[in-house]
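Hi everyone, thanks for coming. Let's walk through this one together, starting with the ligand and then moving on to the domains.

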Amino acid sequence: MDKFRVDLYSDTNTRPSAAMRQACADAEVGNEQAGEDPTVNRLCEMVADLMGKEAGLYAPSGSMCNEIAYRVWCRQGDEIILHRTAHAVHAETGAPAALSGLMLHSLDGPRGQFSAEQVRTAVRQPLTNHRPRSRLVSIEQTSNQGGGTIWPLEQIQDIEKAAKDSKLYMHMDGARLLNAVVETRITATEYAAPFDSAWIDFSKGLGAPVGAVLVGSSEFIAEAWRCKQQFGGAMRQAGIIAAACIFALEHNVDRLTEDHENARYFASLIGDLPGIKLELDRIETNLVFFDVSATGMSGIDIANRLRQRGIRIGVSAPMRMRAVTHLDVARADIELAANELKATLNE
Ligand SMILES: Cc1ncc(COP(=O)(O)O)c(C=O)c1O
């Protein structure tokens, strides 16, 4: 039995359903490292097709997809232009520096996003002998710490132009790309078109236990394979887990809209609670960030008290909390969590 009555900590906390587990049990498998696992190969083809790219590579995690792409596109001492809230800045334990000797040139901007103009200003030009070389622009779709916000396609296309004018590559961290797709009805192919590399995660809203697929040109994926091997990410009978990802693609994409409705519902229930600050019209997908500074309690205090009531909500900064809706959260859970938050604030 789950420890929490309602777990809004993360969309990574879903449990594979009985049907998904059955798909794993039934999977045809082979040696993935040798390119011989038919289920992994099928998954990679499905994602490459979905995103309009030539080829795909299965990796154990989204973080590894970022790090592989960074390693392929950049050389030691190069820099990556990305938002200051990006996952690679805060949550990959300095991997771009540790694994590939890269610098991160982080930009500010509302909602986890920046503009083409900022990219043009950030690019090191002219490239003299003493300057790091700007090499890659990396964008998170949706932006996690930006609030689950969706980058408008036009803004990305403007950034692509700025990047290409300076011969920079474009990479998309698409951990939650499909949340953007179901919300806007812009296809994954359209969103991925401006990028030289991109990936989607299966262990988030899609509800699979493991894995992400990185896509790009065949040439890029051939190089990516070498880096995956270097990082120790090559696997053996990985069809067992890839089958869950195929199941997720076939069954769990359209329903992401329910998570978005639940997120908005949760925000509407808690938005007027004393001391809680959030902007309802900023809830675009499945992440609800809210400020608790006016409650007289810290985020950690509130989170601890909620835990005692069987509700788990995360803390992203001392006074900022994050609730995430997902496959294992129903509408009634949302009401329960909101009521418990209200009771906590009244304690
Ligand atoms: C935006 C973003 N990028 C990358 C990752 C890393 O994905 P993984 O946990 O599969 O390594 C996450 C995980 O939360 C994320 O939110």
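A word on naming: helices (H or I, at least four residues) and strands (E, at least two) are DSSP runs, numbered from the N terminus. Please keep in mind that this is a predicted model, where local features need pLDDT of at least 70, side-chain atom pairs count only at pLDDT 80 or more, and totals for chains, interfaces and linings use all residues. Residues are numbered from 1 along each chain as its sequence is written, and side-chain values use heavy atoms, with hydrogens and water left out.

So, the ligand. Helix H3 (62–73) and strand S7 (197–201) each give at least two residues to its shell. Among the residues surrounding the ligand (a heavy atom within 4 Å) are Ser-61, His-87, Glu-140, Trp-199 and Lys-204.

Now the polar contacts, meaning pairs of N or O atoms within 3.5 Å. The side chain of Asp-173 places an N or O atom 2.6 Å from a ligand nitrogen. For Asp-201, a side-chain N or O atom is 2.8 Å from a ligand oxygen. The protein buries 85% of the 390 Å² that the ligand exposes when taken alone, by the Shrake-Rupley method with a 1.4 Å probe.

On to the domains, whose bounds come from an automatic or database assignment: domain 1 covers 18–251 and domain 2 covers 255–346. How many residues of domain 1 are in contact with domain 2? There are 19, facing 15 residues of domain 2, with contact meaning heavy atoms within 4.5 Å.

Technical notes:
A polar contact is a pair of N or O atoms within 3.5 Å; within protein, one must be able to donate a hydrogen and the other to accept it, and residues adjacent in sequence count only if both atoms are side-chain atoms.
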